[in-house]
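I opened this entry to look up how the strands pair, what packs around them and what the cysteines do. My notes follow in the order I checked things.

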Amino acid sequence: LDTVPVEVVVCGKAVQALRSGESLASHIAEQAPDRVQVLACGMSIENLGVERDALSPVVDIVPNGLAHALKRKTAGYLSVDL
């Protein structure tokens, strides 16, 4: 599994931990920077009033995290829901 790409999709209040200066996003991305992508749910960011500019630079935004995860499952991706 060392070469399998991984997407970590963060939704809900957990998106607040993806701000610059917080360790969550950077810590996740540091584990395998060439294959791990941290994605934040755009709807959660908007609903919680998190400024997009305040997010860690390693975080990408998808419009809807749940819809993104469901599309990935449909495409054959495996998932772990926490």
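I started with one strand pair. β2 and β3 run parallel to each other and are joined by four bridges. Within that pairing, I found A40 opposite I61 of β3. This is a predicted model, so I read every value below as computed from it.

**Sheet**

Next I looked up the whole sheet. It is open, has three strands in the order β1-β2-β3, and pairs them in parallel. Which strands stand at the edges? I noted β1 (6-10) and β3 (59-62). Each has a single partner strand, so one side of each has no neighbour in the sheet. From one strand to the next, the twist averages 35°.

**Helices on the sheet**

I then checked what packs on the sheet. Helix α1 does, and it touches β1, β2 and β3. The direction of α1 makes about 150° with that of β2. Helix α3, residues 65-74, also packs on the sheet and touches β1, β2 and β3. For α3 I took down an angle of about 150° with the direction of β1.

**Core**

How many residues does the largest nonpolar core have? I got 13. Those with the most contacts inside this core are V15, L18, V38, A40, I45, L55 and V59. Both α1 (24-31) and β2 (36-41) supply at least two residues of the core. The largest share comes from β2, with three residues.

I went back to A40 and listed its contacts, leaving out residues up to four places away in sequence. A40 touches V10, V15, L18, I45, V59, D60, I61 and V62. I61 is thus on the contact list of A40 and also stands opposite A40 in β3.

**Cysteines**

Last, I looked for disulfides. The count is zero. C11 is in none, and the nearest cysteine sulfur to that of C11 belongs to C41, 4.2 Å away. Why is there no bond from C41? The closest cysteine sulfur to that of C41 is in C11, and 4.2 Å is too far for a bond. The cut-off I applied is 2.5 Å between the sulfur atoms.

I also asked whether each of these cysteines is buried or exposed. C41 is buried, because its relative accessible area is 4%, under the 20% limit. C11 counts as partly exposed, because its relative accessibility is 34%. That value falls between the limits of 20% and 50%.

Conventions. Residues numbered from 1 in each chain as written. Predicted model: local features only at pLDDT ≥ 70, side-chain atom pairs only at ≥ 80, totals over all residues. Heavy atoms only, no water. Core = buried A, V, L, I, M, F, W, Y, C linked by side-chain atoms within 4.5 Å. Buried < 20%, exposed > 50% of the residue type's maximum accessible area, 1.4 Å probe, protein only. Contact = heavy atoms within 4.5 Å. Pairing = 2+ DSSP bridges. Axes fitted to C-alpha atoms, helices over the stretch in contact; angles between N-to-C directions.
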